[in-house]
Amino acid sequence: MLGVDEGAAGLWFALRDQDLTEAVFALSAGVGAAAVFDAAGVGAAIEHSIPAPAPRGKIVVVGVHERPFGFNPTSILLQEVEVIGSFLHDDADYAAVIANMAAGLYDTTGWVEHTPLSGLLDAFDELRAGRKMKILVDL
């Protein structure tokens, strides 16, 4: 998901068929993003976001990662990118996101899948492997 600040609401793009870095540089006239947010909680999200910030930009990690991952820190060094962790949110944040989703500002296709209770263990395997993002258990 790519967000571009265009006033209070912003613009959001789902990046299923486009490279994150290419999209960022196309939208920023080749400059890069001031900040990139990882909300996915998987290492690949950060790995793919490292080239996207402008020099001295920021990568903000808000997703909870269950597994360590490897990356080359030289790419952060050369761009002078700052990596920041943030775990602060409140009810107003959730209300704003839900309102934006209800207004159709985010393409949520594929975000949530369902499984019966009997599929719970398989669902956890899929989540941990990074093949699924959110799974609701139907009781």
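A nonpolar patch on the surface of this predicted model is formed by Leu117, Val137 and Leu139, which together have about 340 Å² of accessible area. Such patches join nonpolar side chains (Val, Leu, Ile, Met, Phe, Trp, Tyr) within 5 Å, taken from residues with over 30% relative accessible area and no salt bridge, a salt bridge being a side-chain nitrogen of Lys or Arg within 4 Å of a carboxyl oxygen of Asp or Glu; the areas come from the Shrake-Rupley method with a 1.4 Å probe. Of the patch residues, Leu117 is placed in the loop between strand S6 (112-116) and helix H5 (120-128), where helices (H or I, at least four residues) and strands (E, at least two) are DSSP runs numbered from the N terminus.

In helix H1 (residues 20-27), Leu20, Thr21, Ala23 and Val24 are buried, that is, under 20% relative accessible area, whereas exposed denotes over 50%. Viewed down the axis of H1, the buried residues fall within an arc of 165°, so they line one face of the helix, the arc being that of the directions from the helix axis to the C-beta atoms. Glu22 and Ala26, on the other side of H1, are exposed, and H1 is followed by Ala29, which has a positive phi near 55°.

Leu20 is also among the residues in contact (heavy atoms within 4.5 Å) with Ser49, as are Val36 and Ile59, when neighbours of Ser49 within four places in sequence are left aside. Ser49 belongs to helix H2 (residues 43-49) and is buried, with a relative accessible area of 2%.

Residues are numbered from 1 along each chain as its sequence is written, and side-chain values use heavy atoms, without hydrogens and water. Local features need pLDDT of at least 70 and side-chain atom pairs count only at pLDDT 80 or more, while totals for chains, interfaces and linings use all residues.

Definitions and conventions
Buried means under 20% relative accessible area, exposed over 50%, partly exposed in between (1.4 Å probe, protein chains only). Patches are made of residues with over 30% relative accessible area and no salt bridge: like charges are joined within 9 Å, nonpolar side chains (Val, Leu, Ile, Met, Phe, Trp, Tyr) within 5 Å.
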